[in-house]
Amino acid sequence: MKYDVVIIGSGLGGLLCGTILGREGYSVCMVEKNAKPGGCLQSMRRGKHVFNTGIHYMGSLDKGQILHQYFKYFGLLGKVDVQRLDENGFDVIGFGSDGATYPLAMGTGFVDSLAKHFPDERHVLEQHAAKMKDVCRSLPFYALDDKLYGAVFDKPYIGTCADQYLRSIIGNTRLQKILSGNDPMYGTISDKTSLLLYSLINHSFTESAWRMAGDSEQISNALADGIRAAGGTIICRRTAERFVVEKGTAKAIVLHTGEEIEGTQFISNVHPQVTLRMIAEGDIRKLYRMRIESLQNSSGIFVLHVALKERTFPFCNHIYYHYNRDNTWPSKFMMTPVGNERDGYAQAVSLLANMDFAELKPWEHTTVGHRDAGYQELKSRKASQLIEAAEQHFPGFGQMIARQYTSTPLSYRDYTGTPEGSAYGVLKDCNHPLSTMVFPRTGISNLLLTGQNVYFHGVLGVSIGAAATCSELLGAKYLMDKIKG
Ligand SMILES: Cc1cc2nc3c(=O)[nH]c(=O)nc-3n(C[C@H](O)[C@H](O)[C@H](O)COP(=O)(O)OP(=O)(O)OC[C@H]3O[C@@H](n4cnc5c(N)ncnc54)[C@H](O)[C@@H]3O)c2cc1C
(Lines give C-alpha, C1' and ligand atoms only; values in the text may rest on other atoms or scores of the structure.)
Protein backbone atom coordinates (compact mmCIF):
# COMPACT_ATOMS: atom_id res chain seq x y z
CA MET A 1 0.00 0.00 0.00
CA LYS A 2 1.16 3.50 -0.78
CA TYR A 3 0.23 6.24 1.74
CA ASP A 4 -0.35 9.94 1.05
CA VAL A 5 1.94 10.80 3.96
CA VAL A 6 4.49 8.69 5.80
CA ILE A 7 5.62 10.24 9.09
CA ILE A 8 8.81 9.00 10.69
CA GLY A 9 8.78 9.34 14.48
CA SER A 10 5.75 9.81 16.68
CA GLY A 11 6.90 12.48 19.12
CA LEU A 12 4.65 15.49 19.61
CA GLY A 13 5.69 16.92 16.22
CA GLY A 14 4.90 13.74 14.28
CA LEU A 15 1.61 13.18 16.10
CA LEU A 16 0.45 16.74 15.45
CA CYS A 17 1.28 16.50 11.74
CA GLY A 18 -0.56 13.15 11.61
CA THR A 19 -3.55 14.78 13.31
CA ILE A 20 -3.67 17.78 10.98
CA LEU A 21 -3.20 15.84 7.75
CA GLY A 22 -5.42 12.91 8.76
CA ARG A 23 -8.25 15.36 9.31
CA GLU A 24 -7.66 16.82 5.88
CA GLY A 25 -8.27 13.44 4.28
CA TYR A 26 -4.66 12.33 3.75
CA SER A 27 -3.97 8.64 4.35
CA VAL A 28 -1.34 8.72 7.10
CA CYS A 29 1.18 6.09 8.19
CA MET A 30 3.44 6.76 11.19
CA VAL A 31 6.52 4.73 11.96
CA GLU A 32 7.89 4.72 15.52
CA LYS A 33 10.96 2.88 16.80
CA ASN A 34 9.68 2.57 20.37
CA ALA A 35 6.93 0.34 21.73
CA LYS A 36 4.55 3.31 22.12
CA PRO A 37 4.04 6.63 20.36
CA GLY A 38 4.96 9.84 22.20
CA GLY A 39 8.74 10.36 22.32
CA CYS A 40 9.30 12.94 25.08
CA LEU A 41 5.60 12.71 25.99
CA GLN A 42 6.21 9.30 27.51
CA SER A 43 5.89 8.94 31.23
CA MET A 44 7.24 6.24 33.52
CA ARG A 45 5.36 4.51 36.28
CA ARG A 46 7.38 3.79 39.43
CA GLY A 47 5.34 2.30 42.26
CA LYS A 48 2.26 4.46 42.70
CA HIS A 49 3.86 7.48 40.99
CA VAL A 50 3.87 8.48 37.35
CA PHE A 51 6.81 10.66 36.34
CA ASN A 52 6.71 12.62 33.10
CA THR A 53 9.92 12.53 31.11
CA GLY A 54 9.69 15.59 28.86
CA ILE A 55 6.70 17.78 29.63
CA HIS A 56 6.28 19.39 33.03
CA TYR A 57 4.53 22.64 32.32
CA MET A 58 3.26 24.79 29.50
CA GLY A 59 1.85 28.27 28.96
CA SER A 60 -0.99 30.17 27.24
CA LEU A 61 -3.72 27.61 27.92
CA ASP A 62 -6.36 30.07 29.10
CA LYS A 63 -9.33 30.53 26.79
CA GLY A 64 -8.40 32.89 23.94
CA GLN A 65 -4.67 32.29 24.36
CA ILE A 66 -2.59 30.66 21.68
CA LEU A 67 -2.00 27.16 23.09
CA HIS A 68 -5.67 26.94 24.03
CA GLN A 69 -6.50 27.67 20.39
CA TYR A 70 -4.09 24.96 19.19
CA PHE A 71 -5.29 22.40 21.77
CA LYS A 72 -8.89 23.09 20.80
CA TYR A 73 -8.05 22.51 17.14
CA PHE A 74 -6.09 19.33 17.97
CA GLY A 75 -9.04 18.03 20.02
CA LEU A 76 -6.97 17.96 23.22
CA LEU A 77 -9.08 20.19 25.45
CA GLY A 78 -10.56 18.26 28.33
CA LYS A 79 -8.41 15.21 27.59
CA VAL A 80 -5.29 16.33 29.41
CA ASP A 81 -5.07 16.61 33.17
CA VAL A 82 -3.44 20.01 33.69
CA GLN A 83 -3.47 22.25 36.74
CA ARG A 84 -3.17 26.03 36.63
CA LEU A 85 -0.10 27.00 38.60
CA ASP A 86 -0.22 29.60 41.36
CA GLU A 87 -1.49 32.86 39.88
CA ASN A 88 0.79 34.85 42.18
CA GLY A 89 3.88 32.78 41.61
CA PHE A 90 3.87 30.17 38.83
CA ASP A 91 7.67 30.26 38.82
CA VAL A 92 9.68 31.01 41.94
CA ILE A 93 13.30 31.97 41.43
CA GLY A 94 15.53 31.31 44.43
CA PHE A 95 19.13 32.27 45.20
CA GLY A 96 21.23 29.95 47.34
CA SER A 97 23.70 32.80 48.00
CA ASP A 98 21.32 34.73 50.27
CA GLY A 99 18.15 32.61 50.43
CA ALA A 100 16.06 35.27 48.63
CA THR A 101 13.13 34.08 46.50
CA TYR A 102 11.12 35.93 43.88
CA PRO A 103 7.73 34.67 42.71
CA LEU A 104 6.69 35.55 39.17
CA ALA A 105 2.96 36.25 38.91
CA MET A 106 0.81 35.70 35.84
CA GLY A 107 -0.86 38.34 33.67
CA THR A 108 -0.80 41.93 34.85
CA GLY A 109 0.51 40.69 38.19
CA PHE A 110 3.85 39.84 36.53
CA VAL A 111 5.13 43.41 36.61
CA ASP A 112 3.67 44.06 40.09
CA SER A 113 5.27 40.93 41.55
CA LEU A 114 8.71 42.13 40.49
CA ALA A 115 8.18 45.86 40.98
CA LYS A 116 7.52 45.07 44.66
CA HIS A 117 11.21 44.14 44.95
CA PHE A 118 12.53 46.52 42.31
CA PRO A 119 10.31 49.63 42.45
CA ASP A 120 12.73 51.74 40.38
CA GLU A 121 12.46 49.25 37.54
CA ARG A 122 8.66 49.25 37.20
CA HIS A 123 8.70 51.22 33.97
CA VAL A 124 11.38 48.99 32.43
CA LEU A 125 9.47 45.88 33.52
CA GLU A 126 6.35 47.18 31.78
CA GLN A 127 8.38 47.78 28.62
CA HIS A 128 9.86 44.30 28.92
CA ALA A 129 6.45 42.60 29.23
CA ALA A 130 5.10 44.58 26.27
CA LYS A 131 8.18 43.72 24.22
CA MET A 132 7.79 39.96 24.82
CA LYS A 133 4.20 40.16 23.64
CA ASP A 134 5.19 42.15 20.58
CA VAL A 135 7.93 39.70 19.67
CA CYS A 136 5.51 36.75 19.86
CA ARG A 137 3.00 38.57 17.72
CA SER A 138 5.58 38.85 14.95
CA LEU A 139 5.37 35.07 14.47
CA PRO A 140 2.82 34.08 11.81
CA PHE A 141 1.72 30.84 13.47
CA TYR A 142 1.52 32.60 16.83
CA ALA A 143 -0.51 35.55 15.57
CA LEU A 144 -2.28 33.16 13.13
CA ASP A 145 -1.82 35.83 10.49
CA ASP A 146 -0.60 34.67 7.11
CA LYS A 147 0.39 38.20 6.13
CA LEU A 148 3.31 37.84 8.54
CA TYR A 149 4.38 34.64 6.79
CA GLY A 150 7.94 34.93 5.55
CA ALA A 151 8.43 38.36 7.15
CA VAL A 152 9.53 37.07 10.55
CA PHE A 153 13.15 36.93 9.46
CA ASP A 154 13.06 40.61 8.48
CA LYS A 155 12.44 41.46 12.12
CA PRO A 156 15.49 41.88 14.35
CA TYR A 157 14.18 39.59 17.12
CA ILE A 158 15.64 36.39 15.79
CA GLY A 159 19.06 38.04 15.54
CA THR A 160 18.89 39.76 18.93
CA CYS A 161 20.47 37.92 21.85
CA ALA A 162 18.13 37.67 24.81
CA ASP A 163 20.85 38.15 27.44
CA GLN A 164 22.24 41.24 25.67
CA TYR A 165 18.74 42.62 25.40
CA LEU A 166 18.11 42.04 29.12
CA ARG A 167 21.41 43.66 30.02
CA SER A 168 20.63 46.62 27.75
CA ILE A 169 17.31 47.43 29.41
CA ILE A 170 17.93 46.31 32.98
CA GLY A 171 20.86 47.53 35.01
CA ASN A 172 20.15 45.48 38.13
CA THR A 173 21.99 42.16 37.84
CA ARG A 174 19.71 40.38 40.32
CA LEU A 175 16.69 41.33 38.23
CA GLN A 176 18.47 40.18 35.05
CA LYS A 177 19.01 36.80 36.72
CA ILE A 178 15.39 36.60 37.81
CA LEU A 179 14.16 37.32 34.30
CA SER A 180 16.29 34.50 32.96
CA GLY A 181 15.68 32.30 36.00
CA ASN A 182 13.67 29.71 34.08
CA ASP A 183 16.35 29.28 31.43
CA PRO A 184 16.56 25.49 31.92
CA MET A 185 13.37 25.60 29.82
CA TYR A 186 15.44 26.81 26.88
CA GLY A 187 18.79 25.24 27.64
CA THR A 188 20.22 28.17 29.69
CA ILE A 189 20.40 31.75 28.56
CA SER A 190 23.60 32.33 26.70
CA ASP A 191 25.04 34.58 24.07
CA LYS A 192 23.22 32.34 21.58
CA THR A 193 19.59 32.46 22.83
CA SER A 194 17.45 34.72 20.65
CA LEU A 195 14.96 37.22 21.96
CA LEU A 196 12.40 35.39 19.84
CA LEU A 197 12.85 32.05 21.64
CA TYR A 198 13.12 33.76 25.04
CA SER A 199 9.88 35.71 24.45
CA LEU A 200 7.94 32.75 23.11
CA ILE A 201 8.62 30.77 26.28
CA ASN A 202 8.41 33.56 28.82
CA HIS A 203 5.42 35.37 27.38
CA SER A 204 3.41 32.16 27.16
CA PHE A 205 4.13 31.26 30.81
CA THR A 206 3.38 34.81 31.90
CA GLU A 207 0.00 34.72 30.17
CA SER A 208 -1.01 31.58 32.08
CA ALA A 209 1.12 28.67 33.27
CA TRP A 210 -0.13 25.10 33.67
CA ARG A 211 1.58 22.01 34.99
CA MET A 212 0.94 18.44 33.93
CA ALA A 213 -0.97 17.17 36.95
CA GLY A 214 -1.46 13.82 35.26
CA ASP A 215 0.56 11.80 32.91
CA SER A 216 1.85 13.44 29.72
CA GLU A 217 1.00 10.27 27.77
CA GLN A 218 -2.56 11.55 27.89
CA ILE A 219 -1.48 13.92 25.11
CA SER A 220 0.11 11.23 22.92
CA ASN A 221 -2.71 8.74 23.59
CA ALA A 222 -5.38 11.28 22.65
CA LEU A 223 -3.52 12.29 19.48
CA ALA A 224 -2.80 8.69 18.47
CA ASP A 225 -6.47 7.74 19.03
CA GLY A 226 -7.52 10.68 16.85
CA ILE A 227 -5.13 9.67 14.06
CA ARG A 228 -6.41 6.08 14.11
CA ALA A 229 -10.03 7.29 14.21
CA ALA A 230 -9.33 9.30 11.04
CA GLY A 231 -8.11 6.09 9.37
CA GLY A 232 -4.38 6.53 10.03
CA THR A 233 -1.93 3.73 10.82
CA ILE A 234 0.71 3.87 13.56
CA ILE A 235 3.38 1.20 13.38
CA CYS A 236 5.51 0.88 16.52
CA ARG A 237 8.75 -1.07 17.15
CA ARG A 238 10.03 -0.21 13.68
CA THR A 239 13.17 1.87 13.14
CA ALA A 240 13.34 3.80 9.91
CA GLU A 241 16.76 3.25 8.40
CA ARG A 242 16.95 4.47 4.83
CA PHE A 243 15.04 6.52 2.27
CA VAL A 244 14.65 5.24 -1.27
CA VAL A 245 15.17 8.35 -3.39
CA GLU A 246 14.80 8.59 -7.17
CA LYS A 247 15.60 11.76 -9.08
CA GLY A 248 15.33 13.98 -5.98
CA THR A 249 12.02 12.47 -4.85
CA ALA A 250 11.57 10.10 -1.93
CA LYS A 251 9.69 6.94 -2.88
CA ALA A 252 9.79 4.82 0.25
CA ILE A 253 11.30 4.43 3.70
CA VAL A 254 13.06 1.18 4.52
CA LEU A 255 12.66 -0.13 8.08
CA HIS A 256 15.11 -2.18 10.15
CA THR A 257 13.03 -5.25 9.36
CA GLY A 258 13.60 -4.72 5.64
CA GLU A 259 9.97 -3.67 5.07
CA GLU A 260 9.46 -0.73 2.72
CA ILE A 261 6.71 1.81 3.21
CA GLU A 262 5.83 3.80 0.13
CA GLY A 263 4.47 7.32 0.24
CA THR A 264 3.71 10.36 -1.85
CA GLN A 265 4.88 12.72 0.89
CA PHE A 266 7.26 12.12 3.80
CA ILE A 267 7.63 14.02 7.08
CA SER A 268 10.50 13.32 9.45
CA ASN A 269 10.03 13.98 13.16
CA VAL A 270 13.49 12.55 13.73
CA HIS A 271 16.44 14.88 14.43
CA PRO A 272 17.55 16.37 11.06
CA GLN A 273 21.13 15.09 11.40
CA VAL A 274 19.79 11.57 11.91
CA THR A 275 17.28 12.03 9.09
CA LEU A 276 20.04 12.99 6.68
CA ARG A 277 22.01 9.87 7.59
CA MET A 278 19.05 7.94 6.15
CA ILE A 279 19.64 9.56 2.74
CA ALA A 280 22.43 8.28 0.51
CA GLU A 281 25.29 10.55 -0.60
CA GLY A 282 24.33 12.20 -3.85
CA ASP A 283 20.59 12.06 -3.16
CA ILE A 284 20.57 15.42 -1.39
CA ARG A 285 22.52 18.64 -1.94
CA LYS A 286 25.96 18.48 -0.36
CA LEU A 287 25.73 22.05 0.96
CA TYR A 288 22.45 21.33 2.75
CA ARG A 289 23.91 18.20 4.30
CA MET A 290 27.02 20.09 5.41
CA ARG A 291 24.96 22.88 6.99
CA ILE A 292 22.76 20.46 8.92
CA GLU A 293 25.71 18.28 9.97
CA SER A 294 27.55 21.34 11.30
CA LEU A 295 24.74 22.39 13.64
CA GLN A 296 25.38 22.22 17.37
CA ASN A 297 22.80 20.73 19.70
CA SER A 298 21.47 22.14 22.94
CA SER A 299 22.61 20.64 26.23
CA GLY A 300 21.11 17.50 27.76
CA ILE A 301 19.42 17.24 31.15
CA PHE A 302 20.05 15.09 34.21
CA VAL A 303 16.76 14.19 35.89
CA LEU A 304 16.17 13.04 39.45
CA HIS A 305 12.65 11.77 40.08
CA VAL A 306 11.83 11.53 43.78
CA ALA A 307 9.04 9.65 45.55
CA LEU A 308 8.62 11.42 48.89
CA LYS A 309 7.90 9.98 52.29
CA GLU A 310 4.31 10.64 53.34
CA ARG A 311 3.60 14.09 54.80
CA THR A 312 7.13 15.39 54.71
CA PHE A 313 7.31 17.92 51.87
CA PRO A 314 4.64 20.65 51.64
CA PHE A 315 3.02 20.80 48.22
CA CYS A 316 4.00 23.87 46.16
CA ASN A 317 1.89 24.77 43.17
CA HIS A 318 4.78 26.37 41.33
CA ILE A 319 7.95 25.50 39.50
CA TYR A 320 11.00 26.32 41.58
CA TYR A 321 14.30 27.41 39.99
CA HIS A 322 17.40 27.65 42.16
CA TYR A 323 20.76 29.36 41.61
CA ASN A 324 23.37 27.33 43.47
CA ARG A 325 25.30 29.32 46.10
CA ASP A 326 28.37 27.17 45.52
CA ASN A 327 30.52 27.14 42.47
CA THR A 328 29.77 23.48 41.85
CA TRP A 329 27.42 21.48 39.62
CA PRO A 330 24.52 22.09 39.28
CA SER A 331 24.82 25.85 38.82
CA LYS A 332 21.03 25.85 38.61
CA PHE A 333 18.25 23.30 39.03
CA MET A 334 14.53 23.23 38.45
CA MET A 335 12.06 21.43 40.72
CA THR A 336 8.56 20.54 39.61
CA PRO A 337 5.72 18.95 41.57
CA VAL A 338 4.56 15.53 40.33
CA GLY A 339 0.97 14.29 40.59
CA ASN A 340 -1.46 15.81 43.00
CA GLU A 341 -1.18 17.08 46.55
CA ARG A 342 -2.49 15.03 49.47
CA ASP A 343 -3.55 16.95 52.59
CA GLY A 344 -1.28 19.82 51.61
CA TYR A 345 1.75 17.59 51.02
CA ALA A 346 3.55 16.63 47.82
CA GLN A 347 3.85 12.96 46.98
CA ALA A 348 6.64 13.27 44.45
CA VAL A 349 8.84 15.85 42.71
CA SER A 350 11.28 15.90 39.79
CA LEU A 351 14.54 17.84 39.77
CA LEU A 352 16.25 18.76 36.52
CA ALA A 353 19.70 20.22 35.81
CA ASN A 354 21.76 20.64 32.64
CA MET A 355 24.39 17.99 32.08
CA ASP A 356 27.39 18.19 29.80
CA PHE A 357 27.60 15.24 27.40
CA ALA A 358 31.40 15.21 27.88
CA GLU A 359 30.82 13.57 31.28
CA LEU A 360 29.07 10.69 29.54
CA LYS A 361 31.71 10.07 26.89
CA PRO A 362 33.00 6.85 28.52
CA TRP A 363 29.54 5.30 27.98
CA GLU A 364 28.87 6.85 24.58
CA HIS A 365 28.90 3.46 22.88
CA THR A 366 26.69 1.68 25.40
CA THR A 367 22.91 1.35 25.44
CA VAL A 368 20.20 1.44 28.11
CA GLY A 369 20.38 -1.57 30.44
CA HIS A 370 23.97 -2.36 29.41
CA ARG A 371 25.95 0.23 31.33
CA ASP A 372 28.56 -0.60 33.95
CA ALA A 373 28.92 0.16 37.64
CA GLY A 374 30.91 3.32 36.81
CA TYR A 375 27.85 4.80 35.11
CA GLN A 376 25.65 3.91 38.09
CA GLU A 377 28.24 5.55 40.33
CA LEU A 378 28.19 8.72 38.20
CA LYS A 379 24.39 8.82 38.40
CA SER A 380 24.33 8.47 42.19
CA ARG A 381 27.03 11.12 42.58
CA LYS A 382 24.99 13.51 40.41
CA ALA A 383 21.85 12.74 42.40
CA SER A 384 23.68 13.48 45.69
CA GLN A 385 24.97 16.80 44.32
CA LEU A 386 21.49 17.74 43.21
CA ILE A 387 20.02 16.82 46.60
CA GLU A 388 22.76 18.83 48.33
CA ALA A 389 21.91 21.88 46.19
CA ALA A 390 18.19 21.37 46.91
CA GLU A 391 18.92 21.38 50.65
CA GLN A 392 20.08 25.00 50.35
CA HIS A 393 16.41 25.88 49.89
CA PHE A 394 14.62 22.84 51.33
CA PRO A 395 16.54 21.88 54.49
CA GLY A 396 16.34 18.17 55.23
CA PHE A 397 15.20 17.34 51.68
CA GLY A 398 17.43 14.27 51.52
CA GLN A 399 15.67 12.79 54.57
CA MET A 400 12.26 13.15 52.88
CA ILE A 401 13.15 10.86 49.99
CA ALA A 402 11.55 7.43 49.98
CA ARG A 403 12.81 6.35 46.54
CA GLN A 404 14.72 8.00 43.72
CA TYR A 405 15.19 7.35 39.99
CA THR A 406 17.61 9.06 37.65
CA SER A 407 18.11 9.54 33.94
CA THR A 408 20.89 11.19 31.94
CA PRO A 409 21.12 12.61 28.42
CA LEU A 410 22.23 9.10 27.37
CA SER A 411 18.81 7.76 28.40
CA TYR A 412 17.16 10.44 26.23
CA ARG A 413 19.53 9.72 23.35
CA ASP A 414 18.71 6.02 23.41
CA TYR A 415 15.04 6.62 23.82
CA THR A 416 14.36 9.43 21.32
CA GLY A 417 17.33 9.01 18.98
CA THR A 418 18.44 12.63 19.56
CA PRO A 419 22.21 13.10 19.18
CA GLU A 420 23.97 13.39 22.54
CA GLY A 421 20.59 13.28 24.28
CA SER A 422 20.16 16.98 23.63
CA ALA A 423 17.02 18.15 25.45
CA TYR A 424 15.81 20.68 22.91
CA GLY A 425 17.56 19.59 19.72
CA VAL A 426 19.38 21.95 17.38
CA LEU A 427 20.81 25.02 19.11
CA LYS A 428 19.54 28.05 17.25
CA ASP A 429 22.19 30.74 17.46
CA CYS A 430 20.97 34.35 17.36
CA ASN A 431 24.38 35.38 16.01
CA HIS A 432 23.80 33.20 12.94
CA PRO A 433 20.01 33.02 12.89
CA LEU A 434 19.45 31.85 9.35
CA SER A 435 22.23 29.28 9.11
CA THR A 436 21.29 27.66 12.44
CA MET A 437 17.53 27.66 11.93
CA VAL A 438 15.97 24.45 10.62
CA PHE A 439 13.09 24.90 8.21
CA PRO A 440 10.47 22.32 7.24
CA ARG A 441 11.70 22.02 3.63
CA THR A 442 14.69 19.88 2.77
CA GLY A 443 16.60 19.33 -0.44
CA ILE A 444 14.26 16.41 -1.23
CA SER A 445 11.13 17.76 -2.89
CA ASN A 446 8.65 15.61 -0.95
CA LEU A 447 10.44 15.35 2.41
CA LEU A 448 9.55 17.82 5.16
CA LEU A 449 10.89 18.08 8.70
CA THR A 450 8.91 18.70 11.88
CA GLY A 451 9.38 18.60 15.67
CA GLN A 452 11.46 20.65 18.05
CA ASN A 453 14.38 21.08 15.69
CA VAL A 454 12.23 23.04 13.26
CA TYR A 455 11.88 26.63 14.55
CA PHE A 456 11.22 26.07 18.30
CA HIS A 457 10.99 23.39 21.02
CA GLY A 458 8.46 22.78 23.78
CA VAL A 459 4.74 22.11 23.54
CA LEU A 460 3.97 25.52 22.07
CA GLY A 461 7.06 25.63 19.84
CA VAL A 462 6.42 22.15 18.42
CA SER A 463 2.71 22.97 17.85
CA ILE A 464 3.69 26.08 15.89
CA GLY A 465 6.31 24.05 14.00
CA ALA A 466 3.86 21.26 13.10
CA ALA A 467 1.42 23.83 11.74
CA ALA A 468 4.23 25.43 9.72
CA THR A 469 5.23 22.00 8.34
CA CYS A 470 1.68 21.09 7.34
CA SER A 471 1.12 24.53 5.83
CA GLU A 472 3.67 23.51 3.19
CA LEU A 473 1.04 21.04 1.98
CA LEU A 474 -2.20 22.77 2.92
CA GLY A 475 -1.37 26.45 2.54
CA ALA A 476 -0.76 28.80 5.47
CA LYS A 477 -3.96 30.83 5.30
CA TYR A 478 -6.14 27.74 4.92
CA LEU A 479 -4.58 26.09 7.97
CA MET A 480 -4.58 29.25 10.09
CA ASP A 481 -8.29 29.72 9.41
CA LYS A 482 -8.92 26.14 10.54
CA ILE A 483 -6.91 26.67 13.74
CA LYS A 484 -8.77 29.91 14.43
CA GLY A 485 -11.97 27.88 14.11
C1 LIG B 1 13.91 16.67 30.40
C2 LIG B 1 13.04 17.50 29.50
C3 LIG B 1 12.08 18.33 30.07
C4 LIG B 1 11.25 19.10 29.26
N5 LIG B 1 10.27 19.86 29.84
C6 LIG B 1 9.42 20.56 29.06
C7 LIG B 1 8.34 21.29 29.64
O8 LIG B 1 8.15 21.31 30.85
N9 LIG B 1 7.52 21.99 28.80
C10 LIG B 1 7.69 22.00 27.44
O11 LIG B 1 6.90 22.64 26.73
N12 LIG B 1 8.70 21.28 26.86
C13 LIG B 1 9.56 20.58 27.63
N14 LIG B 1 10.56 19.83 27.05
C15 LIG B 1 10.70 19.87 25.59
C16 LIG B 1 9.68 18.98 24.88
O17 LIG B 1 9.55 17.75 25.54
C18 LIG B 1 10.13 18.73 23.44
O19 LIG B 1 10.43 19.95 22.80
C20 LIG B 1 9.12 17.98 22.58
O21 LIG B 1 8.44 16.97 23.29
C22 LIG B 1 9.86 17.37 21.39
O23 LIG B 1 8.97 16.69 20.55
P24 LIG B 1 9.48 16.14 19.15
O25 LIG B 1 8.30 15.61 18.44
O26 LIG B 1 10.29 17.17 18.44
O27 LIG B 1 10.57 15.00 19.45
P28 LIG B 1 10.61 13.63 20.25
O29 LIG B 1 9.69 13.64 21.41
O30 LIG B 1 12.07 13.41 20.54
O31 LIG B 1 10.10 12.54 19.20
C32 LIG B 1 10.88 11.95 18.22
C33 LIG B 1 10.31 10.56 17.97
O34 LIG B 1 10.98 9.97 16.86
C35 LIG B 1 11.24 8.59 17.18
N36 LIG B 1 12.36 8.13 16.35
C37 LIG B 1 13.64 8.56 16.40
N38 LIG B 1 14.39 7.94 15.46
C39 LIG B 1 13.54 7.10 14.79
C40 LIG B 1 13.71 6.19 13.69
N41 LIG B 1 14.88 6.04 13.08
N42 LIG B 1 12.64 5.49 13.27
C43 LIG B 1 11.40 5.64 13.87
N44 LIG B 1 11.21 6.49 14.92
C45 LIG B 1 12.26 7.21 15.36
C46 LIG B 1 11.56 8.64 18.66
O47 LIG B 1 11.46 7.36 19.26
C48 LIG B 1 10.50 9.63 19.17
O49 LIG B 1 9.29 8.99 19.46
C50 LIG B 1 11.40 19.06 27.85
C51 LIG B 1 12.37 18.23 27.27
C52 LIG B 1 13.18 17.46 28.09
C53 LIG B 1 14.21 16.56 27.45
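Trainee: What makes a side chain count as positive or negative here, and how many of each does the chain have?

Mentor: Lys and Arg count as positive and Asp and Glu as negative, with His and the chain ends not counted. On that basis the chain of this predicted model has 51 positive and 48 negative side chains. With each charge placed at NZ of Lys, CZ of Arg, CG of Asp or CD of Glu, the centres of the two sets lie 3 Å apart. Side-chain values use heavy atoms, without hydrogens or water; totals for chains use all residues, while local features need pLDDT of at least 70.

Trainee: Why is the chain called as compact as a globular protein of its length?

Mentor: The globule rule is 2.2 Å times the number of residues to the power 0.38, and the radius of gyration is taken over C-alpha atoms. For 485 residues the rule gives 23 Å and the chain has 22 Å, which is close, so the description applies. The C-alpha trace spans about 65 × 55 × 40 Å along its principal axes.

Trainee: What makes a residue buried, and what percentage of the chain counts as such?

Mentor: Buried means under 20% relative accessible area, with a 1.4 Å probe and protein chains only. Of the 485 residues, 59% count as buried.

Trainee: How do you know that domain 1 and domain 2 are in contact?

Mentor: Contact means heavy atoms within 4.5 Å. By that criterion, 35 residues of domain 1 are in contact with 31 residues of domain 2. The bounds come from an automatic or database domain assignment, which places domain 2 at 106–211. The centres of these two domains, over C-alpha atoms, are 27 Å apart.

Note on methods. Residues numbered from 1 in each chain as written. Predicted model: local features only at pLDDT ≥ 70, side-chain atom pairs only at ≥ 80, totals over all residues. Buried < 20%, exposed > 50% of the residue type's maximum accessible area, 1.4 Å probe, protein only.
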